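Could you walk me through this structure in plain language? I'd like the overall picture to start with, then a few spots worth a look up close.

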Amino acid sequence: MPKLTIDGQSVEVPAGTNLIETARRLGIEVPHYCYHPGLPIAGACRLCMVDLEKAPRPTIACNTQAADGMVVMTQTPRVLELRRSVMEWHLINHPLDCPVCDQAGECWLQIYYMQHGLYEPRMIDDKVHKPKAVPIGPHVMLDAERCILCSRCVRFCDTITKTGELGIFNRGDHSELGLFPGTTLDNAYSGNVVDICPVGALTDRDFRFQARVWYLDRGKSVCPGCARGCNIEVHTNTKRAHHAQGRRVVRLKPRFNAAVNQWWICDEGRYGFGEVDAPSRIERPELREGGTARTLTWEEAVAAVADGLRAAGPEGTGVLLSSRMSNEDLWLARRLFGDTLGVVHADFRVPPRTPGSEDDLLRVADKTPNRRGAELIGWGRAGAANGRHVLEAARAGRLRLLWVFDHDLLDSGWPRAEVDEALARVEGVVFQGPNANETSARAHVVLPSAAWVEREGTWTNVAGRVQRFWRAVLPRGDARPDWEILGAVARALGHDWPGRRAAGVFDDLAARVPAFAGMSYRTLGDEGADVVPPAEGRPIDARGVAP
Amino acid sequence: MTEPVLSRNFDRPEARTLAGYQAGGGYEALRKALGLGPEGIAAEVKKANLRGLGGAGFPTATKWGFIPAKRTGPVYLVVNADEGEPGTFKDRYILERDPHALIEGMLISAFAIGCHTSFIYIRGEYVEPWRIFSEAVRAAEAAGLVGANILGSGFDHRIIVHRGAGAYICGEETGLISSLEGKKGWPKVKPPFPAIKGAFGQPTVVNNVETLAAVPPIVTRGGEWFAGLGSKTQGGTRLYSVSGHVARPGVYEASVAITLRALIEQAGGVANGRRLKAVVPGGSSAPLLRADEIDVTMDVDGLRNAGTMAGSAGVVVMDETTCIPDALHVVARFYAHESCGQCTPCRECTGWIYKITGRILAGKGVPQDPDTIVDVARRGTGSTICAFYDGAIGPYISYVEKFRAEFDHHIRHGACDVRPTPARRVGTH
């Protein structure tokens with residue numbers, strides 16, 4: 001472990017750490033454009049210059065590894081002067097079209113000009129002109145004039161996705177970012193180039209001109225798009241309701257987690273938030289009888305469902321939970337349906353109509369965030385491939401009540417005719433979920449769930465990492481988190497357990513399910529924690545759970 | 001006149017053929033070198049004070065010495081025949097008129113560094129030199145001088161001839177390596193240096209054509225003899241490409257210790273009885289010398305002490321009719337056009353300075369322009385990935401500082417005081 005000093009403070013870092021990362025550990029920011037911790041070194045922007053003791057001139061920090069006894073200075077007059085100069089050179093051909101640039105407000109040319117530039121402009125000649133507003137893929141718009149040629153996006157496509165669509169063409173100040181002939185930037189991770197672009201050269205076509213970034217709020221979350229559970233930020237626009245066509249969630253951005261997704265997310269996940277503000281959102285509990293629909297209060301709705309459960313009894317009740325639900329939801333469902341009511345026909349697995357996409361970078365074929373959690377909590381009938389047994393029980397006329405959580409059974413891997421028959425034969429169908437679908441249209445009672453961005457909780461990803469997600473916006477209408485609804489129904493039936501908040505429900509779960517042993521909601525923190533592997537703990541089996 | 005060493009075969013057309021070259025004692029140095037062994041060769045080259053003749057003037061033996069002794073993969077020798085420095089045309093003469101001298105030098109040097117495959121990267125525009133050199137390689141292969149078990153020594157070596165595609169930056173050694181590897185000719189960030197991680201990730205020595213062509217005579221006649229031809233810190237003679245306003249432009253061989261004045265006189269002096277104004281002593285990247293600064297020796301250290309550089313020994317002579325702002329504009333256009341664009345200072349400032357010089361020539365200069373050029377250039381010194389931009393800075397600063405009055409005249413009067421009208425239309429590169 002080399003030991004060195006930066007600006008007079010000493011620090012010890014693992015061998016191979018470069019000076020930007022070393023300085024970062026001391027809270028010293030070395031400004032840079034082309035360096036990105038997830039990409040190979042380019043050494044091209046020349047902004048990250050620092051002084052080394054006895055060196056004749058400043059050197060780039062990104063390509064200099066920390067060495068024992070090294071004395072680094074990031075604030076010498078010649079370093080500061082060089083930073084100013086490099087900022088001037090980055091900007092001489094920049095169009096300075098900040099007022100119409102989406103990046104304004106989060107642009108590193110703006111930030112570093114204010115921090116390190118502040119020179120008097122000397123460039124009075126014509127700037128080099130390049131193509132503007134070029135759609136280079138389904139999600140990304142290129143403005144070649146704004147590009148500072150840091151090559152981060154090129155290196156991303158070369159080394160992370162290994163698809164190599166992008167290159168820098170031509171030479172000198174006519175160098176231009178572009179697509180190789182015959183390609184489009186349509187790889188499954190293309191949106192990441194927008195994140196790593198430090199300037200307004202690559203902007204997000206979905207987000208473009210929707211909102212000014214300084215009006216946005218940011219919330220921590222986890223992507224619900226597949227079982228990987230990539231850490232994300234949810235960017236919301238609530239301060240300017242007239243922007244972004246009234247959408248509250250305007251974009252998702254990756255949030256670094258070394259153990260899960262590092263710096264990246266896939267495009268499916270990034271652009272998969274449309275349902276949150278879609279017209280299909282269910283806003284109030286509803287009762288449908290004889291072709292008419294009536295809005296219910298929550299008290300009425302809970303009472304109606306509780307009455308239905310009482311009447312149907314454990315043999316006559318079918319439950320189709322969802323792995324979109326959180327650990328807390330599924331734990332209360334376990335408490336209620338499993339341990340208390342002893343519902344026989346319950347499962348969470350409804351196969352999708354088409355198999356999900358997957359690859360060896362991040363995407364997992366299971367397009368729900370919590371399959372592993374559902375399994376660990378004890379859901380999923382042993383020996384059954386999926387929840388078909390619930391459907392069969394309904395078709396056979398054995399069910400009086402079927403409670404469906406956030407599935408569209410009519411648009412699933414099950415034959416439509418069979419689903420249709422099953423729904424027709426059940427006296428009472430309860431649908432609970434954030435968005436309406438064909439199945440909810442067939443329900444007798446509809447309960448509005450809060451969408452994932454409107455509530456908090458935890459999901460367990462495909463690798464067994466338990467991760468918190470946070471509330472970014474308020475629920476639409478009267479929507480509530482699933483665990484709150486389940487708790488209310490349980491209390492209506494005379495049952496109650498610890499936990500009036502998600503934290504309490506999770507801690508109850510952690511105390512009782514061995515895989516979650518030792519965890520607490522608070523200590524999960526931003527990056528989550530891994531479940532206890534079966535080898536270390538007791539066998540993970542619902543039967544083995546302490547009551 | 002010095003005894004010709006590097007140009008000994010230039011006037012013997014038969015030397016292009018293997019038989020002709022051998023008739024003049026060719027490939028005897030190789031035979032001797034194989035007997036000397038790698039250490040013996042390196043020792044002679046060290047004694048010879050041979051310094052790289054491509055531009056940087058780095059001691060050749062030292063460069064060879066950087067190849068790590070402990071290694072697992074192959075070592076490569078890469079010959080830089082991408083002669084692109086404006087005002088330089090001497091490697092072309094070796095390729096065309098004495099190709100076997102280069103092959104022999106390559107073989108001896110490869111043997112000295114333990115290399116079994118060498119690459120020669122020939123400038124794309126050098127079609128005829130490429131053709132002649134390739135033919136010579138084939139002849140040498142046919143004669144068993146290149147290939148397996150050369151001259152029964154057990155030493156194997158093959159030569160791969162590669163053509164460039166017309167970029168000045170591919171003469172920069174790591175830009176050349178990138179291009180050779182099939183990538184865009186972008187110089188590589190150092191470290192690692194080529195001696196550690198060069199072509200295809202292997203330890204690599206990049207030597208200039210003329211440098212390698214000097215190796216056989218050194219082996220034949222000894223390092224001390226070669227050292228004695230030059231100055232205290234640099235041995236030998238070298239080939240000077242003399243162009244511009246001289247009576248007899250061309251390639252001249254002379255000691256590295258010759259003075260610039262004597263060299264110009266060898267080339268017939270300034271043509272048409274005009275007075276000398278300025279000289280570029282070492283290719284376009286070398287800072288300009290005024291007429292009163294030419295009593296300097298042409299070796300690496302002599303010219304460095306004079307504030308300029310020996311570079312590629314491309315001597316460009318300018319007489320009194322030369323408009324220095326116009327000359328700078330020409331040079332600036334070259335660097336703006338050839339900058340690879342990889343790193344910021346060079347990409348942006350070569351274009352900027354070209355625009356400023358163009359504006360000055362178009363009569364639209366502003367008083368601060370000369371200061372801006374010098375200030376921008378000075379700030380960028382040493383700030384880039386490769387030496388290209390430092391090479392551009394040489395002319396930017398020296399042209400302006402040494403002929404400031406001409407720039408000021410252009411700016412003040414919108415016209416030239418040397419020539420009645422600007423001779424060049426100002427456009428974009």
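What follows goes from the whole model down to single residues.

Keep in mind that this is a predicted model. Its scores are ipTM 0.93 and pTM 0.94. For chain B, the average pLDDT is 96, and 97% of the residues score at least 70. Where pLDDT is low, the predicted coordinates should not be read in detail.

Let's begin with chain A as a whole. Its C-alpha trace spans about 85 × 50 × 40 Å along the principal axes, and its secondary structure comes to 15 helices and 23 strands. Of the 547 residues in chain A, 50% are buried. Look at the contacts in chain A with a separation of 6 or more, and you'll find that 68% of them join residues 24 or more positions apart.

Now for the place where the two chains meet. Chain A puts 23 residues into the contact and chain B puts in 25 residues. On the side of chain A that touches chain B, the residues split into 10 nonpolar, 7 polar and 6 charged.

Next, the inside. In soluble globular proteins, nonpolar side chains tend to be buried together. Here the largest nonpolar core has 192 residues, and the ones with the most contacts inside it are B:V78, B:V79, B:I108 and B:L263. The element that gives the most to this core is helix α5 of chain B (residues 99-113), with 10 residues. Another core lies apart from that one; it has 66 residues, including A:V350, A:I377, A:V390 and A:L409. To get a feel for the surroundings of B:V78, set aside its neighbours within four places in sequence: among its remaining contacts are B:S118, B:F119, B:Y121, B:L176, B:I177 and B:L180, and also B:A199, B:T204 and B:V206.

Two helices are good to look at in turn. In chain A, take helix α3 (residues 108-117), where the buried residues are A:W108, A:L109 and A:Y112. Viewed down the axis of α3(A), these buried residues fall within an arc of 95°, so they line one face of the helix. Part of what covers them is α2 (77-92) of chain A. After α3(A) comes A:L118, which has a positive phi near 50°.

In chain B, helix α14 (residues 344-361) makes a nice check on geometry. At 1.5 Å a residue, its 18 residues should span 26 Å, and the end C-alpha atoms are indeed 26 Å apart, which agrees. How many of the residues of α14(B) are buried? The count is 18 of the 18, so the helix is largely enclosed by the rest of the structure. Just after α14(B), B:G363 takes a positive phi of about 85°.

That leaves the loops. Chain B has a pair of cis peptide bonds to find in the loop between α7 (173-180) and β4 (204-208), which is where B:P191 and B:P192 sit. The bond from B:K190 to B:P191 is cis, with omega near -5°, and a cis bond also joins B:P191 and B:P192, with omega about 5°.

Two other loop residues have a positive phi without being glycine. In chain B, B:Y27 has a phi of about 70° and lies in the loop between α1 (18-23) and α2 (28-47). Is B:Y27 buried or exposed? B:Y27 is buried, because 22 other C-beta atoms lie within 10 Å and the cut-off for buried is 20 or more. In chain A, A:Q245 has a phi near 50° and lies in the loop between β12 (231-236) and β13 (249-254). A:Q245 is exposed, because it has 8 other C-beta atoms within 10 Å and exposed means 12 or fewer.

Last stop: A:A188, in the loop between β9 (176-179) and α5 (192-196) of chain A. With 17 other C-beta atoms within 10 Å, A:A188 is partly exposed. Leaving out its neighbours within four places in sequence, A:A188 is in contact with A:C266, A:D267, A:D359 and A:R363. The C-alpha atoms of A:A188 and A:I265 are separated by 9.2 Å, while the two residues are 77 residues apart along the chain.

Notes. Residues numbered from 1 in each chain as written. Chains lettered and ligands numbered in written order. Predicted model: local features only at pLDDT ≥ 70, side-chain atom pairs only at ≥ 80, totals over all residues. Contact = placed C-beta atoms within 7 Å. Nonpolar A, V, L, I, M, F, W, Y, C, P; charged D, E, K, R; others polar. Core = buried A, V, L, I, M, F, W, Y, C linked by C-beta atoms within 7 Å. Helix = DSSP H or I, 4+ residues; strand = E, 2+ residues; numbered from the N terminus. Arc of directions from axis to C-beta. pLDDT = per-residue confidence, 0-100. Expected span 1.5 Å × (residues − 1).
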